[in-house]
Amino acid sequence: MSLIESGLFKPQLLIDGIWSAAADGSVFAVENPATGEVIARVADATPADAGRAIMAATRAQIAWAETSVLERSRLLRKWFDLVMLNQDALAKILTIEQGKPLAEARSEIAYGASYIEWFAEEARRIYGDVIAPPENSTRILVIKQPVGVVATITPWNFPNAMLARKLAPALAAGCAVVAKPAAETPLSALALGQLALDAGIPAGLINILPSTHAKEIGEAFTSNEQVRKISFTGSTAVGKQLITQCAPDVKRVSLELGGNAPFVVFDDADLDAAVEGAIASKFRNAGQTCVCANRFYIQQSIYDTFCEKLISAMKGFSIGNGLDNGITIGPLISNRAQQKVQALLDDAISRGAKIACQAMQDDSWQAGHFFPPTLLVNVPTDARLTCEEIFGPVAPMIPFETEAQVVQFANASEYGLAAYLFTRDAKRIKRLSDQLQTGMLGINTGLISNAMAPFGGIKQSGWGREGSRYGLDDYVNVKYLCESFS
Ligand code: SIN
């Protein structure tokens, strides 16, 4: 079945349950980053479209807040079932617009769906509280209510999962959503919207506005009083801008921002497990994840052995068009992304770092935005790539001597999203779990993301948590009721 026949290839805006063109009729091209081919011309939402979507969401949210949690749960479950039923078509859409290998795209669809499934269940567990009052003639009750209309802004690296993990808790809590997916990857979001309609999720609860006018749409969201919350996944710079824009009417803000994960391996670690963790953490999505290992700190006595083992594992990569069989690493999202990673690599080399392993370039990469997986040794601690997010398949190796030294290295960052620790020493695990400044810590694993766990960061990596039972907190207001019986 072709993507068109699947009914999920929707290059339009979704507003109030209706697929429509942009107010000014404009469209923009979406390209396959592996080939440079234009795969769709998508309606380019304007601020007027955002206004229309917010009105629809406002209407729909009032009715949705009145539905029982059981009804919300059933509809979310149905949506989850449809997403999984259409996993292959959704994965193909994801691969052609984002570039990741088809197998990874299938995993992302299941990962995104797992948030829908999780929040279908959590919808039934929006608990309040009864609190002991100061005197017996009163009773203190706490109830949770939906925050209202939520605007989401999501990135291109996980175009399905990052949206699903905002839409699902929002709907579970009784909110409606206006969503702006990244202009590079709008089709995965739009396909999710179609499946939500197919599942019977009422019109107006999910509105999707692909657009190249990111700043203007962001302003249309933040300046509209009906929007009571912004949930954003993306860069720290944009996150800070959104905080400022949300200040005038004190909107709630959830932010999942940049990361700079340290990956620490001690000499008592299971090195094979550490290499497996490094491959998963560093090279998933060609290094384009916020939780990617960004800096490898390897204890001096095992530094050479670890690098050799990692290089040998990297030789197993197969780089190319994600639709082709056996491909394990796809392209970067754009030419700009390629240039940024190259600039960070050049900077490290100019400061003394050496390339110990780099995949051979291939002619078939010409039309796409491929970047060869690279392992760098002798990386000085002042190289830009130790403090900036690389967002590409470059692994910088830095030796360390002592635990105290590596804690200092790891915490010397304005970010605090994820960190990884490999050691067999239980006491050290306890000490570093306490000392590492991070929202998430992978201990003897390079894969930490799942719907049951609270995903999020500290410091300049953001506010709030996505997934887990904490994930609903961002979409509800706590209301205290004081009952008097005197
Ligand atoms: C991200 O890169 O922001 C998300 C990655 C994940 O959910 O594992």
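How far is the sulfur of Cys307 from the closest cysteine sulfur, and in which residue does that sulfur lie? The first legend below gives the answer. The model shown in every view is a predicted one.

**Figure 1. Cysteines without a disulfide.** The closest cysteine sulfur to that of Cys307 belongs to Cys357 and lies 10 Å away, which is too far for a bond. A disulfide is a covalent bond between the sulfur atoms of two cysteines. The cut-off used here places the two sulfur atoms of a disulfide within 2.5 Å. Cys387 presents a similar question: its sulfur is 17 Å from the closest cysteine sulfur, that of Cys292, and this too is too far for a bond. The structure as a whole holds zero disulfides. As for their surroundings, Cys307 counts as buried because its relative accessibility is 6%, whereas Cys387, at 42%, counts as partly exposed.

**Figure 2. Two domains and the contact between them.** The protein is divided into domain 1, made of residues 13-257 + 461-482, and domain 2, made of residues 261-450. A distance of 30 Å separates the C-alpha centres of domain 1 and domain 2. To the contact between them, domain 1 gives 26 residues and domain 2 gives 26 residues.

**Figure 3. The largest nonpolar core.** This core has 161 residues, and the members that touch the most other members are Trp79, Phe221, Val265, Phe306 and Met397. Helix 6 (residues 161-173) provides the largest share of the core, 10 residues. Because domain 1 and domain 2 both give residues to the core, it lies between them.

**Figure 4. Surroundings of Met397 in the core.** Met397 is one of the residues that touch the most other members of the largest nonpolar core. Apart from residues up to four places away in sequence, Met397 touches Phe296, Ile298, Tyr303, Phe306, Cys307, Leu310, Leu375, Leu376, Val377, Asn378 and Val379. Cys307, included in this list, is the buried cysteine described in Figure 1.

**Figure 5. The ligand and the residues around it.** The residues that surround the ligand include Tyr111, Asn157, Phe158, Met162, Arg284, Thr289, Val291, Ser449 and Phe455. Arg165, Glu256 and Cys290 also belong to these surroundings, and each has an atom whose distance to the ligand is given here. An N or O atom in the side chain of Arg165 is 3.1 Å from an oxygen atom of the ligand. For Glu256, a polar side-chain atom lies 3.0 Å from a ligand oxygen atom. In Cys290 the atom concerned is a polar backbone atom, 2.7 Å from an oxygen atom of the ligand.

**Figure 6. Leu472, a buried residue in a loop.** Leu472 is found in the loop between strand 21 (462-463) and strand 22 (476-484). With a relative accessible area of 6%, Leu472 is buried. Leu472 and Ile126 are 346 residues apart in sequence, while their C-alpha atoms are 8.0 Å apart in space. Leaving out residues up to four places away in sequence, Leu472 touches Phe119, Glu122, Ile126, Pro169, Ala172 and Ala173.

**Figure 7. The buried residues of helix 9.** Helix 9 covers residues 236-246, and its buried residues are Thr236, Gly239, Leu242, Gln245 and Cys246. These buried residues pack against one helix, helix 8 (214-222), and against strand 7 (149-153), strand 10 (227-233), strand 11 (252-256) and strand 17 (415-416).

**Figure 8. Ser211 and its contacts.** Ser211 lies in the loop between strand 9 (206-208) and helix 8. The relative accessible area of Ser211 is 1%, so this residue is buried. The side chain of Ser211 reaches the backbone oxygen of Ala45 at 2.7 Å. Neighbours within four places in sequence aside, Ser211 is in contact with Phe28, Asp44, Ala45, Lys180, Ala183 and Ile217.

**Figure 9. Two residues with a positive phi.** Most residues other than glycine have a negative phi. Lys459, although not a glycine, has a positive phi of about 50 degrees. Ser468 is not a glycine either, and its phi is positive at about 65 degrees. Lys459 is found in strand 20 (residues 458-459), whereas Ser468 lies in the loop between strand 21 and strand 22. Lys459 is partly exposed, with a relative accessible area of 34%; Ser468, with a relative accessible area of 2%, is buried.

How values were computed. Residues numbered from 1 in each chain as written. Predicted model: local features only at pLDDT ≥ 70, side-chain atom pairs only at ≥ 80, totals over all residues. Heavy atoms only, no water. Core = buried A, V, L, I, M, F, W, Y, C linked by side-chain atoms within 4.5 Å. Buried < 20%, exposed > 50% of the residue type's maximum accessible area, 1.4 Å probe, protein only. Helix = DSSP H or I, 4+ residues; strand = E, 2+ residues; numbered from the N terminus. Domains from an automatic or database assignment. Contact = heavy atoms within 4.5 Å. Near = heavy atom within 4 Å. Polar contact = N/O pair within 3.5 Å; in protein donor to acceptor, adjacent residues only side chain to side chain.
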